[in-house]
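Open your viewer, set it to a cartoon view, and keep the selection box handy. We will hop from one selection to the next.

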Amino acid sequence: MSLQATWFVLICGLWSAYFVTEGFDFGVGMLVPVLARTEEDRATMFAAIGPVWDGNEVWLLIAGGATFAAFPQWYATMFSGFYIALLAILVLLIVRVVSFEWRTKSAHAAWRGLWTWVNVIASYGAPLVWGIGLASLLYGTPIAANQEFTGSFWSLFSVYSVLAGLAVVALFALHGAVYLGLRGRDDAVRARAQALAFRLAVPATLLGAAFLVATLVVGVTRNHQGVGGGLVVLVLGVVAVLTALVCTWQRRPALAFGATAATIVLAVIMLFVELYPRVMVSSSAFANSLTVHNAASGHYTLTVMTVATLLLLPIVFAYQFWTYRVFRVRVSGETPVTPGDILTPRGGRPPDPPRGGAPPDA
Amino acid sequence: MPRRRVASAQGLWEHGGVSTALELARWQFALTTLYHFTFVPLTMGLAPLLAVMQTIWYRTADERWLRLTRFFAVLFVINFAIGAATGIVQEFQFGMNWSGFSRYVGDVFGAPLAIEGIGAFMLESTFIGLWIFGRDLLSRRAHLACVYVVWFGTWLSAYFIIAANSWMQHPVGYTINATTGRAQATDVWAIFFQRLTIMAFVHVIFAGLMTGGFVVLGVACWHLLRGRNIELFRRAATLAIFVVLPVSVIQLGWGSELGVAMTDVQPMKIAASEALWNSAKPAPFSLFQIGGFSASDPTPAFSIEVPGLLSFLATNSFTSEVEGINQVQAQEQATHGPGNYVPDVRLAYWSMRVMAYLGTLSLMLAIWGGILVRRKRLLEARWFQRAALAGIALPFLANFAGWILTETARQPWIVYGLQRTAAGVSTTSSTAMVGASLGVFVGLYGVLAIVDFWLMRRYARVDPPEIDDAPTGGAPRPAPQY
C-alpha cells in the first residue's frame, strides 16, 4: 500500500474513532430532554459521559491535524471552502464544552435550563453539520483547476448530504441511548433509555441503511466507482445495523453497543471506500477533484508521520483502554459531573461564596 | 480609547495593503491567539504546582496539602476546558482563513500540529479526566501518577506548538519542490529541534510557571488578607514564592538570550523593537521615548537611554554593532525584491517594553515575597498581600505583550523570508465571511471571558473543601460507593 493510501486509511480510522466515541456523548446530549424528568436524572445522564467526552473530542483535533500534515491541499480546500459550516461547528463545540462545565455552577433553574439546552442543541447541531459536510466530499462541490473551492455555503446541500446528516443524528441518538442502557445505574433513566432505544432502533436502522445505499449510488454515479467494494461494505453495514436492531429488542445492551459502534464505523468506511482515491470530488469538472496523490504531502513527511503514528498510537490505545476500564463502574447522579463538584461533599449543594467577604480589590 | 492603541491599530491596517479580508483574518488570529494564551500558560504553570502539592500530601499525609490540591484543581480545570475549546479554533483557522499558508507549508507545518494532537493533547485530556474523576477508583499512587502525566502532557504539548511557531520565525529543514512550487520537509530533526525552538520553549515554560505561580500567590494572599484558612494559604503562598523567585530571575536573563538568538535570525525584529532606525556601535538601550516611530520621524522628541546596553542585550558585548531598521530594510530588498519590510515599530517597541518592565516588576514582587518568607513575616505583610493580589495581572499582560512582539514584528512575513502574510490568506473567503466570523468570535469569547472570570473569582474565594472521604497515611481506603 502506498503511503498516500495508508494515510487515507488512517484518516478514515481517525474519523471513525471520533464518531464512535463522541457519537455516544452527542447521543446522550440529544436525549436529555427526552429521558430526563428531574434535575437528578439530568445529572445522571451528564455523569455518564462526564469523564470521557473531553478525550473523545480530541479525536477530532487529531483527525484535523493528520489531514493537515498528510494532505495539506485537502485540508486547505475543505476548511476554506466549507467555511460557514466549520464556523458553525466551532461555535457549537465551544458552547457545548462550556455547557458541561457551567451547567452546575449555579442552582438557579433558569441558569441550569439555559446550559442544558445549549448542550442539547449543540449535540444535535454538530453531528448534523458533520454529516452534511463529509457527505459533500463525495457528492461533489465546485472546485477549480487550481484546487480552490468556488462554491458557496449552499453548495453543501443536496438530498444526499442532508440524508447523511439525518442518518448521523439518528445513529448517534441510538448509540447514546444504548450507551445509557449499558452504563446507567439500575434506575428510571436506564429503564427509559432502554425503552427509547427500542423505539429509536427502527428509524435509525432505516436512515442508516438508506445512507449506505445512497452512498453506493452516489459513489457509482458521481465518482465513477465500481459496485463491488462498496457492495461488500454495504452488506456488512446493513448486517451491523440489523444486529443493533435485534440486540436492542432483545435487551442485550453490550452487544447492541458493539453493533451501533460497528454501524458507525462501517458508515464512515463506506464513505471513504466510495471516495478513494479522491478526497474531494469536484462538481464543476471531474478532473479538478482532489485525490490522495495531488493533495498529499511529500514522501519524506508521510514517512516521518507514519513512524511517529506507529510509535504513538499504541500508547494512546493502551491508556484509552485503561481509562474505560477504570470508569466502567456504573455511574449515578452522585458521581462528580464537573470539576467544580469536587468541592462539594457527596450529595450536597455546590459551595456558596463566603458571605460578607469584600470583593478582592474594590 | 487611548491614542496609542488607535495608532497601532492603524499600523496593522496599513500593512497588508488593500485586502480587508486579510486584515480581518489577521485580527481574528491575533485576538483568538491571545485569548487562547490566557488559559494555556495558567494550565502549564498550575499543573506542576498541583503535582508538588499532591506529592507533599502523598508523602507527609498532611491533609492541608490535599485540601489545597483540590482547591486549585478546580481553578485548573475551569481553565483547561476553555483552553481546549479555543485550541480547536486555532487549528481550524489555519485551514479556514489561512489556506494559502496551509497549501504552501502544510507539508512541514502540519506535522508538529498533528503529532501534538496524538502525542500530547490526547494524553493531557485523558489523564485530566482520570485525575479528576478517578480519585475513588485509582490507588493513591496511580492517582498521583496521573497529575504528573498531566504536567508532562501540558509541557509536551507546548513544545510541539512552539516548534511549529519557531519554524514560522525561522524556517529550516525544508526545500521548495520544483514541481509543486511548495515547501517540503527534508530534515525532521532540524524542524523539531532547532535552537530557536529550544530557546523559545524554555521561555514559554518559565512564562507558564510565573503565571501559575503568581495566580496561586495572589489567590492565597486574598485569603490571608481576610484571615481565612491561614494555615493552608500560608503554605500555598510560600510554595508559590519558591517557584516564582528563581523563575523570575532566570526568565529575565533567558529572555535576553532569546533576544540574542532572534537577532541572528530576524535582525529586523530587534531593530524594530528598539526603534533603532540606523545602525549604531555601540547601540544604546532606550528605556522610554516619545516619537521616533516612523521613517519620516526617526528621532524621538524625548528619550531616556542607557549607553551600550542594547549592544549587550543583542550580542552579549557592550561595544558591538547593532543593525538599524534602514540597513536591514536595504538588505531585505536586496534579497527579496522591492517592498516594505518594516513592521509596526511603535507596537514592537512598546510590546517589548511592557514585557520587560512587567517581568522586572514580577521579579521585585517575588524578591519582596522571598524576604518576607525568610523573615517569617508573610502573614503580617498586608501591603505585600495586596500587591500580590494585584500581581495576578502581571504575567497575563506580559504574556500578551510577548506574543504581540513575536508575531507583529515578523511582519510582513507569515513565514519569515519564505511567505508573505498577504499570500497566506484564503483567497476564497470574502470580507463578509471573515468579518462575520470575527464578530462571532469576539461575541462568543467575550461572553466566555465574563463567565470564566466570574467562575474563577467565585471558586478562588470559597473555603478549601474539608476532606471527608480521603484516607490518611496507610489507612485502608473506603470502597467507592455507587
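**Stop 1: a phenylalanine in chain B.** Select B:Phe72 and show its neighbours. Leaving aside residues up to four places away in sequence, B:Phe72 touches B:Leu46, B:Leu50 and B:Met53. It also touches B:Val216, B:Val219, B:Phe233 and B:Ala236. Bear in mind as you look that this is a predicted model.

**Stop 2: the core around it.** Now widen the view to both chains. B:Phe72 is among the residues with the most contacts inside the largest nonpolar core, which has 269 residues. The others named for this are A:Trp15, A:Phe71, A:Trp74 and B:Phe384. Next, select residues 63-96 of chain B: this is helix H3, which gives the most to this core, with 21 residues. There is also a second, separate core of 19 residues; to find it, select B:Ala272, B:Ala348, B:Trp350 and B:Ala409, which it includes.

**Stop 3: two helices of chain A.** Colour residues 3-35 of chain A (helix H1) and residues 253-275 of chain A (helix H10). At what angle do the axes of these two helices cross? They cross at roughly 145 degrees and come within 9 Å. The crossing of H1(A) with H10(A) is right-handed.

Turn on side chains for the contact:

- From H1(A), show A:Phe8, A:Ile11, A:Cys12, A:Trp15, A:Ser16, A:Phe19, A:Val20 and A:Phe24.
- From H10(A), show A:Phe257, A:Ala261, A:Ile264, A:Val265, A:Val268, A:Ile269, A:Phe272 and A:Leu275.

By class, the residues of this contact are 15 nonpolar and one polar, with no charged ones. You have met A:Trp15 before, as one of the residues with the most contacts inside the largest nonpolar core.

**Stop 4: all of chain A.** Zoom out to chain A, which has eleven helices and two strands. Trace the chain along its sequence and you will follow α-α-α-α-α-α-α-α-α-α-β-β-α. Of its 362 residues, 63% are buried. Among chain A contacts between residues at least 6 apart in sequence, 79% join residues at least 24 apart.

**Stop 5: all of chain B.** Finally, select chain B, with its 16 helices and six strands. Its C-alpha trace spans about 75 × 50 × 40 Å along the principal axes. How does its radius of gyration compare with that of a compact globule? For 482 residues such a globule would have a value near 23 Å, and chain B, at 24 Å, agrees with that. In chain B, 61% of the 482 residues count as buried.

Notes:
Residues are numbered from 1 along each chain as its sequence is written. Chains are lettered from A and ligands numbered from 1 in the order in which they are written. This is a predicted model: local features need pLDDT of at least 70, side-chain atom pairs count only at pLDDT 80 or more; totals for chains, interfaces and linings use all residues. Side-chain values use heavy atoms; hydrogens and water are left out. A nonpolar core is a set of buried Ala, Val, Leu, Ile, Met, Phe, Trp, Tyr and Cys residues joined through side-chain atoms within 4.5 Å. Buried means under 20% relative accessible area, exposed over 50%, partly exposed in between (1.4 Å probe, protein chains only). Helices (H or I, at least four residues) and strands (E, at least two) are DSSP runs, numbered from the N terminus. Contact means heavy atoms within 4.5 Å. Axes are lines fitted to C-alpha atoms, for helices over the stretch in contact, and angles run from 0 to 180 degrees between N-to-C directions. A crossing is left-handed if the near helix is turned anticlockwise from the far one by less than a right angle, and right-handed if clockwise. Ala, Val, Leu, Ile, Met, Phe, Trp, Tyr, Cys and Pro count as nonpolar, Asp, Glu, Lys and Arg as charged, and the others, Gly among them, as polar. The radius of gyration is taken over C-alpha atoms; the globule rule is 2.2 Å times the number of residues to the power 0.38.
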